Structures are given as structure tokens and as C-alpha cells.
Amino acid sequence: MKYATVIGLEVHSELKTKSKAFCSCSTEFGGEPNTHVCPVCLGMPGALPVLNKQVVEFAIRAGLALDCEIKKFNKFDRKNYFYPDLSKNYQISQFDKPICEHGHIDIEVDGQTKRVGITRIHMEEDAGKLVHSGATIKTSESSAVDYNRAGVPLIEIVSEPDMRSAAEARAYMEKLKAILEYTDVSDCKMQEGSLRCDANISVMPEGATEFGTRAEIKNLNSFRALERAIEYEIQRQIQLVEDGGTVVQETRTWDDGKGMTLSMRSKEEAHDYRYFPEPDLVPVVIDDAWIARVKSELPELPAARKARLMQEKGLVDYDAENIVSTKAMAEYFDEAAKHTEDSKGIANWLLGDVSAYLNSENITIEKFPITPANLGEMVNLINKGVLSSKLAKKVFAEMLKTGKTPQALVKELGLEQISDEGAIVKIVEETLAENPQSIADYKAGKDRALGFLVGQIMKKSRGKANPEMVNNLLKERMQ
Amino acid sequence: MKVTTKDVEYIAQLSRLTIPESEMEKFTEQFNQILNYADILNELDTKGIEPTAHVLPLSNVLREDVAVEGVSQEVALMNAPAVHDGGFKVPRVIE
Ligand SMILES: [Zn+2]
């Protein structure tokens, strides 16, 4: 039987505020355990929360960037459960009145554009961190709780179950991350946990209208983990159904080392959160003027930036799409493009050798050793004919190692392409004198002879002769 | 009776409370009294009335995003029954 997959994502994004959501403790990452804490985030009796205005501001901004409707009336609710990472035994969240609803993201997969709905975005607080005494949670006799992250503001972005493959889920996540980065509401560091993703996955016979029972996969802290976990889970569920079993609704965790999802065997009661309105916080009413102001301050978003790169810089759709996929890459491009007229050349390098280097070193463009100015200058040197594409690769490699300017390296390495006609004529004549047979062959119509002669000349000049000039001179002399 | 002793047991478990067997009946009865009172309130016609989110006639009590030093680790851990590496030491979390 053929199966269809249904995927919905719940994404938690830590907001980039200076202080926590409901107290004034610092949100700074790291720090000794329990040093960014106070009676409010430690859940001391009698301590009262007060909402950070910037949290609302960021939530509105993210909502507008994701084409959501911003709800005027907002309240907070308590989500009750017992787990040591919660100091109060409840999490302050929004239950039935989320700040944003009905948004969407357009993704592109295999050249097709698809719209993925966003059900809601709500504001809530992060929990603390457990450091387990053993290797894993299951083998630990005890855990140490650090509440430095407790109370750090989050937005949870819940998608519609609109995705049908791991590739679509990844594309959605990448686009969402880019938009959150562009709007500057979050650091979006998946490794540090400032952007986290849970996936709800179910399978059903192809053509069915009723979704199958879903499993929720947690702990997806990279795009790769997201894609692999979904692919694994789809196969697991199909296998289970094929073997006559049934999928149970449960929470599973992704084990990256083993490459499989594992049941967390949570107790049934864990899902009885008994939400009720948070009596310690009064409602937040957002008026039109507030929304209008945030809207007017929205920075350029990926879609607009892509359009601008295509219109003003002449980039093709595919290149522009890839350049704007992260804010840092788009910024590097803009900066490099200030130093050369050849934007297309910059795009080619960024999506070619630069991306290959970033992938091989497993770093992002922020840590790329070549400055945008130097990359721009290198493109200029190629266009002026000073560097052949072969020599440019050599200079590029040296720039990676030394960080020197391309001009300095060309001199230092003696790589200047020989474009002086007199010098090239000399080598051409020398080569022709040594290879009379090739001249004869060429005259007899054997084009391969030309290639051979060019090769000889390049060898003599140690790759530095301007190939175009060599070609022209050769043809001229052999007429 | 809407609430049974089974419900009381469940709620007690969710709340991490131990209710002695001898008081089970009493709690069950009191829970039902509370719900019966809510039923009386439900008789009122509240059509077209916005639900109350908060009893105070206030909204938008907000603070500026300024970080302020909290308490020291030593003070934070003062009431902790057990401490490990600057953290609150808790027994194993998964059975
Ligand atoms: Zn605090």
C-alpha cells in the first residue's frame, strides 16, 4: 500500500531580550549555574511577575513577518505540570488567546512553491536546565537544576499539518529561521537551543482524508536531525502499520547517534495541564497604533530582499533564493557587492567555492576568513584579466589561510597573469618554432592542434599567460 | 454525585497530594458541593458577556527591558534540600 505523511511543526524560539519575560534577570547565555536568578524566576512564594514590554514587541514583529493576524486582546495562562525544570510547577504561557493567528510561510521544494499555514504564535517562558549525573536521563540517579534559562521569553510557532515530506519540513524550518533572523527577534542558534523544533508526524493510506495517529518527536536541534528523524519516523510508522500494528500517540525523542526515534514512555497524566488564567498578570491590549508602529519598523524580509537582488543586481531566481536564505549570507553579499560591479561574480563565488568551504569546515559565513571587500576585489582582478580562473582559485586558497588582500597575494606569489602583448608574442613565437607539425595539423583542419599549442604556451608561462590573448595570437600567426 | 472518589484520587495525584483513605469521602462530597455551586452560577444567562480574564480593571502593566542583577548563587540555593555543582539536586526524573 502507498502511504501519505502528514507533518506539523512546533517551533520554540528564544527572544533576544536583555531581561527575562517576567522578571529583570539577565538572559545572557552561559554563566555559572543559578546566577541569573531572582525570587520571581525561582518561584518563591509571594513573588510577582511583571511582563517585559519587549516580549510583546518581538512577538508582534515575528507575527507580522509571518503574515499573521495580531490579536488585540491578550492574556496569560498557567500550564500546570510537575518537572524539576519548572520552579513554579507551572509555566506561564498563552492557552486560548495566542497573540498571533492565521499566518503562513511560502516554501519552495523541487521548484514548486507551497504555502504552509501557521496556526498560532504564543508567548511563554522557557524552563530551566537539568544536568544529569549519569550519561543519560535514564541512567542518572540524580540531576542538578540550573534556573538561569527559566523565565527567558519564548515564542512558540505552531504550523498547520500542511507538510507532506521531510524535505518540506526542512524547507519550512529553514525559511522560518531566516525570517526570525531577518526580523532580529531571536539568535536562532539551534545548537545552543535558542531555536528548537518538535515534529508531529502521522501516516495514512494515500488518498485518505482522516489523519493517522501522530507521534511527537522532540530534541531536533539541527536541520539534519529534523530531516533524518522525520524520515526514520515515517518508515517506522509505515512498517508498524504494515505489520498489523497501530501507532500510539506518544512523545518520542530523536537519538542522533543511533539514528532512531525512541519512545519516552511518558505517563498519561503528563498531558493534563489544567490551564487556567494567570491571576498574577493583567491582560495586554494591543491597539492599532502599536501594530502600525511595529509594522513601519519591520526590516527587509527575505522575499523582499530576493526581489531586490534580482531587480537591482541582476541575479537569477535560484542564486537570489540561496543568497537570502540566511541573513548573514545576504549581508556578506551586499557588502562584497559594494566593492565590485560584478554582482553575479560575487554570487557565483558565494554559492560555489565559499559555500563548499563553509560546508567542509562546518562553519557559517559569520566565521568565514575572507572579508567581503577582499572577495569583491578578487572578482575585480578576474574581470580585469589579472587573474585567470585557475589562478583565482590559488589566490582564494591563500586568502583563506592568510587573510591578505588579493592584490598583495598576486604580487607576493608572482601570479600576475601576463597580459603584456610583447611578452606573450615572444612565448607564442617560441612555441610555434618548436612545433611545426602542429601548425601543419592546424592548417589541415585539426582543431585539436590549437588546444595542444595553447597548453604548451600555458606551461611555458607557468599558467600566467592571458588565455584569450594566447588564443587570438596563435590563430593570427597560423593563418 | 458528579465527582467520584476515583476523580479525587486522580486530582490528588496530579497535585502531588496524599489524601488519607479516611478523608476520601469527605473530599468527594466537598468537591461535589463546589461543582453544585458552579451549576447554580451556570443558570445565569451570560450570552453576549465577555469572559473575565482578570478581576482588576487594569491592562498593559509592563516593564522596560532592562536587566538587573538578581540574587547570588549562594542565596538562590539557601533553601535547597540538596545541592550539586551549583544546582538544585533532585532525584531521578524518569522512572
Ligand atoms: Zn528572575
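Which residues line the largest cavity? The model in which this cavity is found is a predicted one, and the cavity offers a convenient place to begin. The count of cavities of 30 Å³ or more comes to 1, and the largest cavity has a volume of about 50 Å³. Its lining is formed by A:Cys41, A:Asp85, A:Leu86, A:Ser87, A:Lys88, A:Tyr90, A:Glu125, A:Asp126, A:Ala127, A:Ala150 and A:Gly151. Sorted by chemical character, these lining residues comprise 5 nonpolar, 2 polar and 4 charged. As to how such a space is found, rolling a probe the size of a water molecule over the atoms shows where empty space is left.

Attention may now turn to chain B. Helix 2 of chain B, made up of residues 24-42, contains 19 residues. From its first C-alpha to its last it reaches 27 Å, which is close to the 27 Å expected at 1.5 Å a residue. Which residues of this helix are buried? They are B:Met24, B:Thr28 and B:Asn32. When helix 2 of chain B is seen down its axis, these buried residues fall within an arc of 65°, so they line one face of the helix. The underlying principle is that an α-helix has 3.6 residues a turn, so residues three or four places apart point the same way. What covers the buried residues of helix 2 includes helix 1 (5-14) of chain B. The face turned away from the buried side carries the exposed residues B:Ile34 and B:Tyr37.

The backbone also deserves examination. Most residues other than glycine have a negative phi. Against this background, B:Asn60 has a positive phi, near 55°. B:Asn60 lies in the loop between helix 2 and strand 1 (62-63) of chain B, and with 29% relative accessibility it counts as partly exposed. In chain A, the phi of A:Arg274 is likewise positive, near 40°. A:Arg274 belongs to the loop between strand 15 (260-263) and strand 16 (276-277) of chain A; its relative accessible area is 31%, and it is partly exposed.

A last residue of chain A illustrates distance and contact. A:Leu240 is placed in helix 3 (residues 223-242) of chain A. Is A:Leu240 buried or partly exposed? At 30% relative accessibility, A:Leu240 counts as partly exposed. Once neighbours within four places in sequence are left aside, A:Leu240 is in contact with A:Gly245, A:Thr246 and A:Val247. By contrast, A:Leu240 and A:Gln437 are 73 Å apart in space, C-alpha to C-alpha, and 197 residues apart in sequence.

Conventions
Residues are numbered from 1 along each chain as its sequence is written. Chains are lettered from A and ligands numbered from 1 in the order in which they are written. This is a predicted model: local features need pLDDT of at least 70, side-chain atom pairs count only at pLDDT 80 or more; totals for chains, interfaces and linings use all residues. Side-chain values use heavy atoms; hydrogens and water are left out. Helices (H or I, at least four residues) and strands (E, at least two) are DSSP runs, numbered from the N terminus. The expected span of a helix is 1.5 Å times one less than its number of residues. Buried means under 20% relative accessible area, exposed over 50%, partly exposed in between (1.4 Å probe, protein chains only). The arc is that of the directions from the helix axis to the C-beta atoms. Contact means heavy atoms within 4.5 Å. On a 1 Å grid over the protein atoms alone, a cavity is a set of points where a 1.4 Å probe fits but cannot get out, and a pocket is an open set with protein on both sides within 12 Å along at least five of seven lines; lining residues have an atom within 4 Å of a point. Grid points are joined across faces, edges and corners, and a volume is the space filled by probe spheres set on the points. Ala, Val, Leu, Ile, Met, Phe, Trp, Tyr, Cys and Pro count as nonpolar, Asp, Glu, Lys and Arg as charged, and the others, Gly among them, as polar.
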